[in-house]
Structure formats: C-alpha cells, structure tokens
Amino acid sequence: MKYCIHCGTQLSDDAAFCTQCGKPTAVNNNGGPQYYAQNVQTAQQDNYEALKIAINVFLIIACVVMGIATLGIGLSWCLPMTFRIRERMRANVPVGMALKVCTLIFVNSVAGILLLVLDDGS
C-alpha cells in the first residue's frame, strides 16, 4: 500500500489519483505533482510575458496620443517614463511603486493598472 503525498490517505499500489483529495499520486512526467507544478510555473511565466507585452503596447499608444494631443509637449514626461519602464522590464528588474503610480496618473491609466497588477517583486 502507498499513501497520498498530499493528504496522507492510504491508497492501493496502482492508484494514479488519491481517492480523498483527487490529486495525482505519481511523481513523473506523465501527470504527477512535479509535472503539474512545472506546468503551473510555465503558465505563470507565459502570463507574465503577455502582461509585459500589453504594458509596452499601451505605453507606446500613450506616447503617440500624447505627442499628437499636446503637440509634443507631453512627451517630455511620457517618453522618459516609458523608456525607464521598458528598460527595467527587459532587464527583469522590478519597477518601483512610485513609477507605477506616476504611470497610472500621468501617462496611461491602463498601463498603470497593468503595472500595478504585475508581480515583479517590487
């Protein structure tokens, strides 16, 4: 007999899933907990990269709109903030909370909200 590595329930030797908690009992590449954890980590990394792309797109749109709407005057604060954020995200360095809030207020509210949602360790 073997035991579930998640809840400790006694299982038959050929059980692939726990009868108590329903989680996989095998630790292999065919669907065990280790495989599940790797899939979750890959999905989280994909979501993180997609979020970074969305932030970059909204920052670029904001710079274009700001340049047209203010005849280029608004670019004096929009471009430096955009370049700083893009530089930090490319280097996988956390973007500071102050820069996130300033982006929310002064550059683009959507990009600012996405930055605040971004879990980059700041």
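Let me begin with Leu-71, which counts as exposed, because its relative accessibility is 78% and the cut-off for exposed is over 50%. I should say at once that we are looking at a predicted model, and that what follows should be heard with this in mind. Leu-71 lies in the loop between H1 and H2, and although Leu-71 is not a glycine, its phi is positive, at about 55°.

A second residue invites the question of where it lies: which loop holds Asn-92? Asn-92 is found in the loop between H2 and H3, and here too we have a residue other than glycine with a positive phi, near 55°. Asn-92 is likewise classed as exposed, because its relative accessible area is 55%, against a cut-off of over 50%.

Let me now turn from the loops to the interior. The largest nonpolar core comprises 18 residues, and those with the most contacts inside it are Ile-55, Leu-59, Ile-85, Met-89, Val-107, Leu-115 and Leu-118. At least two residues of this core are supplied by each of four helices, namely H1 (33-69), H2 (75-90), H3 (97-107) and H4 (109-117), and the largest share, seven residues, comes from H1. As general background, nonpolar side chains in soluble globular proteins tend to be buried together.

To look at one member of that core in detail, what does Met-89 touch, if we leave out residues up to four places away in sequence? With that exclusion, Met-89 touches Ile-55, Leu-115 and Leu-118, which I have already listed among the core residues with the most contacts, and it also touches Lys-52, Asn-56 and Val-95.

How values were computed
Residues are numbered from 1 along each chain as its sequence is written. This is a predicted model: local features need pLDDT of at least 70, side-chain atom pairs count only at pLDDT 80 or more; totals for chains, interfaces and linings use all residues. Side-chain values use heavy atoms; hydrogens and water are left out. A nonpolar core is a set of buried Ala, Val, Leu, Ile, Met, Phe, Trp, Tyr and Cys residues joined through side-chain atoms within 4.5 Å. Buried means under 20% relative accessible area, exposed over 50%, partly exposed in between (1.4 Å probe, protein chains only). Contact means heavy atoms within 4.5 Å.
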